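Below is a short set of notes on the model you sent round. They are ordered from the whole chain down to single residues.

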Amino acid sequence: MPTATAVKISAGTGNPTRPSPTRPDPTLTEGELRALRGLMRAHASLAKRLDAELESSHGLPLSSYEVLHHLQEAQDGRMRMCDLAQRAQLSRSGLTRLVDRLERDGFLVRCTCEHDARGAYACLTEAGLEKLHDARGTHLGVVREQFLSRFSEPELSALAEMWDRIAPCCGGGAPQGTPPLRPPPPPGRTGRMP
């Protein structure tokens with residue numbers, strides 16, 4: 001026999017009150033909903049703007065920029081494909097299609113490691129490093145204008161701590177020990193060729 005669950009509505013707001021630990025409530029409070037929707041909207045808006053600017057200025061979609069950036073940060077400019085997929089938060093098949101395009105454009109190559117026969121590596125080429133270097137100013141300009149300029153240093157630190165708290169629980173984020181973001185070296189000044 002079906003049963004109904006009563007939801008207590010706060011006076012005057014029309015929003016449910018916070019659920020008790022013994023009786024979880026499937027709805028979100030107004031504050032929870034605003035926080036979640038704000039995060040989703042901010043991420044989607046920033047990603048859309050970055051993608052549009054990178055594509056129009058450099059012919060490089062945001063997903064391609066991120067893959068090249070992860071490779072630039074990796075030791076010797078190479079990463080196992082499965083690790084790169086996780087870092088870029090792409091499915092393995094999605095990364096394979098993206099790597100195919102980047103390889104056709106000459107920005108990376110698939111390479112193997114004589115010490116590790118477990119799988120293919122994506123290896124950054126000099127052309128890929130140059131493309132990343134060229135696009136970096138556009139990327140940083142959008143990030144500074146649309147995101148960083150809207151917060152003080154203490155607010156940015158607080159946001160970073162919150163994201164660090166959330167990402168591991170959602171299966172995302174960089175693994176422990178990941179180096180901080182750093183700018184790519186100027187073209188021609190790297191030993192990262194495969």
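1. Contact range. Of the contacts in the protein chain between residues at least 6 apart in sequence, 58% join residues at least 24 apart. Please keep in mind that this is a predicted model. One pair across such a separation is Arg80 and Gly119, which are 39 residues apart along the chain and have C-alpha atoms separated by 6.8 Å. Arg80 lies in strand β1. Despite its charged side chain, Arg80 is buried, because its relative accessible area of 18% falls under the 20% limit.

2. Element order. The protein chain has 6 helices and 3 strands. Read from the N terminus, the elements run α-α-β-α-α-β-β-α-α.

3. Burial and surface. The protein chain has 194 residues, and buried residues make up 27% of them. About 12900 Å² is exposed by the protein chain, with 55% of that area supplied by carbon and sulfur atoms.

4. Nonpolar core. The largest nonpolar core holds 27 residues. Those touching the most other members are Val67, Leu68, Leu71, Leu84, Leu95, Leu102 and Leu108. At least two residues of this core come from each of α1, α2, α3, α4, β3 (116-124) and α5 (126-146). Leu102 can serve as an example: leaving aside residues up to four places away in sequence, Leu102 touches Ser64, Val67, Leu68, Phe107 and Leu108.

5. Nonpolar surface patch. Which residues form a nonpolar patch on the surface? They are Leu28, Leu36, Leu39, Met40, Met162, Trp163 and Ile166, and together they have about 600 Å² of accessible area. Helices α1 (30-58) and α6 (153-166) each supply at least two residues of the patch. Met40 is found in helix α1. With a relative accessible area of 53%, Met40 is exposed, because the limit for that class is over 50%.

6. Salt bridges, total. How many salt bridges does a search of the whole structure find? The search finds 4. Side chains of opposite charge can pair when their charged atoms come close. Three of these pairs are described in the points that follow.

7. Arg49 and Glu53. The closest N and O atoms of the Glu53 and Arg49 salt bridge are 3.4 Å apart. These two residues are 4 residues apart in helix α1, so about one helical turn separates them. Glu53 is partly exposed at 26% relative accessibility, and Arg49 is partly exposed at 29%.

8. Arg49 and Glu145. Arg49 also forms a salt bridge with Glu145, where the closest N and O atoms are 3.8 Å apart. Because Glu145 lies in helix α5 and Arg49 in helix α1, the pair ties together parts that are 96 residues apart in sequence. Glu145 has a relative accessible area of 41% and is partly exposed.

9. Arg110 and Asp100. In the salt bridge between Arg110 and Asp100, the closest N and O atoms are 2.7 Å apart. Arg110 is in strand β2 (residues 108-113) and Asp100 is in helix α4, 10 residues apart, and the pair links distant parts of the chain. Both partners are partly exposed: Arg110 has 30% relative accessibility, and Asp100 has a relative accessible area of 30%. As for shared partners, salt bridges join Arg49, Glu53 and Glu145 into one network.

10. Positive phi, Asp76. Asp76 is not a glycine, yet has a positive phi of about 60°. Where is Asp76 found? Asp76 sits in the loop between α2 (62-73) and β1 (78-80). Asp76 is partly exposed, with a relative accessible area of 46%.

11. Positive phi, Gln89. Gln89 is another residue other than glycine with a positive phi, here near 55°. Gln89 is found in the loop between α3 (81-88) and α4 (92-104). Is Gln89 buried or exposed? At 57% relative accessibility, Gln89 counts as exposed.

Notes. Residues are numbered from 1 along each chain as its sequence is written. This is a predicted model: local features need pLDDT of at least 70, side-chain atom pairs count only at pLDDT 80 or more; totals for chains, interfaces and linings use all residues. Side-chain values use heavy atoms; hydrogens and water are left out. Buried means under 20% relative accessible area, exposed over 50%, partly exposed in between (1.4 Å probe, protein chains only). Patches are made of residues with over 30% relative accessible area and no salt bridge: like charges are joined within 9 Å, nonpolar side chains (Val, Leu, Ile, Met, Phe, Trp, Tyr) within 5 Å. Accessible areas come from the Shrake-Rupley method with a 1.4 Å probe; for residues, only the protein chains shown count as cover. A salt bridge is a side-chain nitrogen of Lys or Arg within 4 Å of a carboxyl oxygen of Asp or Glu. A nonpolar core is a set of buried Ala, Val, Leu, Ile, Met, Phe, Trp, Tyr and Cys residues joined through side-chain atoms within 4.5 Å. Contact means heavy atoms within 4.5 Å.
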